[in-house]
Amino acid sequence: MKIEEIYDLFLQNPIITTDSRDCPVGSMFFALKGDNFNGNKFAIAALEKGCAYAVVDEKPAALADASAHNTETAAALSKRLILVDDALTTLQQLAHLHRKHFSKPVIQITGTNGKTTTKELVSTVLAQKYNVLYTQGNLNNHIGVPKTLLRLTDEHDIAIIETGANHPGEIAALAEIVDPDCGLITNVGVAHIEGFGSFDGVVKTKGELYDFLRHKAAAGRGSGEIFLNADNPHLAKIAQGLHAITYGSPGNGYNVEGEVAECAPLLKVRWRTKNTSEFLSKNKHSSEQYNATHEVQTHLIGAYNLDNVLAAICVGLRFGVEPAQIDAALTNYVPTNNRSELRETAHNTLIVDAYNANPSSMVAALDNFALAVSPHGREKMLILGEMRELGNISATEHANIIKILQTKFMEPSSATKDNIWLVGANFQSLNPPFRTFLSVAEVKAELNSAPVRDKFILIKGSNGTRLFELPDYL
C-alpha cells in the first residue's frame, strides 16, 4: 500500500498507537520492533481491542497468529493488516506527509541542556495567543516526534516540536520529518559523548538543525529563521547565513536582553527588548510597552534557567504575544516534570532535578545550589546520581564533580561530608570522601532506617539512576 493510501486511512482514523494495551476504537496500530519486543506479535490483539487497522512488516507471522483466534477469520483480519517494508519508516513518512498539509508555523527545538524546559516555556507563552501543539513529556526521538506531528489538526495555530539525539545524524533525520520553519538550539555541552565521540560531534549534530534551515532557505522554502542564544560562541559560530533573532545578556544589542534579578532559590528575571523592529512588525501594538524593563518571578530553580526564560520571551515576541501576556505566562508556569522543581515535603525542602544529568548541567546545578539561600535556615544536603553515556571521559568527568563538591560544599556553612551522597558505580569506583551508594534502592533502604529531616536537598542525576523515586522517602 502506498503512503498516500495509508494517509487516507489515517484521515479517517486519526489516532496513532504503538501500544497494544492502548487501542482506542478507530485508531491505527503501528507494529514497531525493538531489542526486546516485536509489535507484529500483538497486531491481531490490537485489532480485536478496537484498532481499525494495524501496520505490520511481518504479515505472515501476524496471520499465523490470527488463525488461532475465533473472533474473526484470518481472511477478514487480513483486510485490516497493512503490510509495509518497515513499520517505523512508514510511521515517519506518514508524519512527514501529514506535516506537509500543515501550513502554519512549526518550530523545532533541540540542545544539550534545557530543551524540554524551553519547550514547556515557549509553549506556555504562545498559548496566551494561540492553540499550540507541543511535544508531550520527553517524546523527542524517532518515534515520539512522528507521533507528535500526527496529532496536528486544523485547530492548531502553531507547533513546537522538541527533538533529542545521542548519535550524529539524528537531528538531521528528525528535521527532515519535522520540516521546521524556525529553529532553536538551547546550547551545546558535554553529553552523550559515548554516542557523539567528542564535543565537536555534539556541536555538529545539534547544528544539523541550522543546516536544515539553511538549505531550506536556499531552496526558497523559508527564511532560515532561528532564535539564537547569542552569548553561546559555539552557536554563534555555526549560525552564519541564517536570520537570527537574538537573546542573551545585557549590553550587547540583542533583540531580547535579560539577567538574573534574584535567585533565592526561585529565579526572578529582569528583561527588556533592544531591537524592536523584529517584534513590532508582528503585531499592532505600540512600541512603548517594548521599551519598559520587566521583572518576572518564576517558579523555576536556578540561574541556569535564565537562557530558557529568555528564549521563551524571544519566541513569544516574535509571534506577537504581548509583553504583559508573556510575563503572566512565565509567572504562572510551575514545572512538574522532575526538572528544576522546588518541593516542600513534610520534613525537607527539595530541589528535584532528577530527569537528566551531564557534566555541564551538573556543574550548573552545583554552582546554583552553592549560592542558593537555604529556606528556613536548613542545612544543605546533596544526593547526586551518576552521569551516563559519557564513554571514555566518564571517570574524568565524575572526578571533576567530586573536586567541585570538595571545593564548594566542604565549608562549615555549607554541606558536611556526611550530607553528600553519591549514587552509582561511576562515582563509587573513584572512592570519593563522601557517602556512596550503588543504586537508588540502597538509598531508599538507608532513608527508611535513618530518616532525613530538616534539610535543603539537591537531587540531581541521570534518569537511569531513578533518583526521581526519592522524594517520597524524604
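Which residues in α5 are buried? Ala87, Thr90, Leu91, Gln92, Leu94, Ala95, Leu97, His98 and Arg99 are. They belong to a predicted model, and this report walks through its parts.

## The chain as a whole

The chain has 20 helices and 19 strands. Of its 474 residues, 53% are buried. Take the contacts between residues at least 6 apart in sequence: 68% of them join residues at least 24 apart.

## Helix α5

Helix α5 covers residues 87-100, which is 14 residues. From first C-alpha to last, α5 reaches 20 Å. That is close to the 20 Å expected at 1.5 Å a residue. Just at the start of α5, Asp86 makes a contact: one of its side-chain oxygens comes to within 3.1 Å of the backbone nitrogen of Leu88.

An α-helix has 3.6 residues a turn, so residues three or four places apart point the same way. Look at the buried set with this in mind. Ala87, Thr90, Leu91, Leu94 and Ala95 are among the buried residues of α5.

## The nine-stranded sheet

Nine strands make an open sheet with mixed pairing. Their order is β6-β7-β5-β8-β9-β10-β11-β12-β13. The edges are β6 (132-134) and β13 (294-301). Each has a single partner strand, so one side of each has no neighbour in the sheet. From one strand to the next, the twist averages 20°.

Inside this sheet, β5 (residues 106-110) pairs with β8 (residues 182-185). The pairing is parallel and has four bridges. In one of the pairs, Ile107 has Cys182 of β8 as its bridge partner.

Two helices that pack on this sheet are α6 and α16. Helix α6 (residues 115-126) touches β5, β6, β7 (158-162), β8 and β13. The direction of α6 makes about 170° with that of β7. Helix α16 (residues 323-332) touches β12 (266-273) and β13. Its direction makes about 25° with that of β13.

## The six-stranded sheet

Another open sheet has six strands, in the order β14-β15-β19-β16-β17-β18. Its pairing is mixed. At the edges stand β14 and β18 (435-437), and each pairs on one side only. The twist here averages 20° from one strand to the next. Helix α17 packs on this sheet and touches β15, β16 (379-385) and β19. The direction of α17 makes about 175° with that of β16.

## Strand β15 and its partners

Strand β15 (residues 349-353) is mostly covered, with five of its five residues buried. Thr349, Ile351 and Asp353 point one way. Leu350 and Val352 point the other way.

On one pairing, β15 meets β14 (residues 341-344), antiparallel, through four bridges. Glu344 stands opposite Thr349. The two strands form a hairpin, with four residues between them. β15 also pairs with β19 (residues 455-460), in the parallel sense, over five bridges. There Ile351 stands opposite Leu458.

## Helices α17 and α18

Two packed helices are described by the angle between their axes and the distance between the axes. For α17 (residues 359-371) and α18 (residues 394-408), the angle is about 5° and the axes are 11 Å apart. α17 and α18 are therefore roughly parallel to each other.

Which residues of α17 meet α18? Pro359, Met362, Val363, Leu366, Asp367 and Ala370 do. On the α18 side, they meet Glu397, Asn400, Ile401, Ile404, Leu405 and Lys408.

Definitions and conventions: Residues are numbered from 1 along each chain as its sequence is written. This is a predicted model: local features need pLDDT of at least 70, side-chain atom pairs count only at pLDDT 80 or more; totals for chains, interfaces and linings use all residues. Side-chain values use heavy atoms; hydrogens and water are left out. Two strands pair if DSSP finds at least two bridges between them. Axes are lines fitted to C-alpha atoms, for helices over the stretch in contact, and angles run from 0 to 180 degrees between N-to-C directions. Contact means heavy atoms within 4.5 Å. The expected span of a helix is 1.5 Å times one less than its number of residues. Buried means under 20% relative accessible area, exposed over 50%, partly exposed in between (1.4 Å probe, protein chains only). A polar contact is a pair of N or O atoms within 3.5 Å; within protein, one must be able to donate a hydrogen and the other to accept it, and residues adjacent in sequence count only if both atoms are side-chain atoms. Angles under 35 degrees count as roughly parallel, over 145 as roughly antiparallel, 65 to 115 as roughly perpendicular and the rest as oblique.
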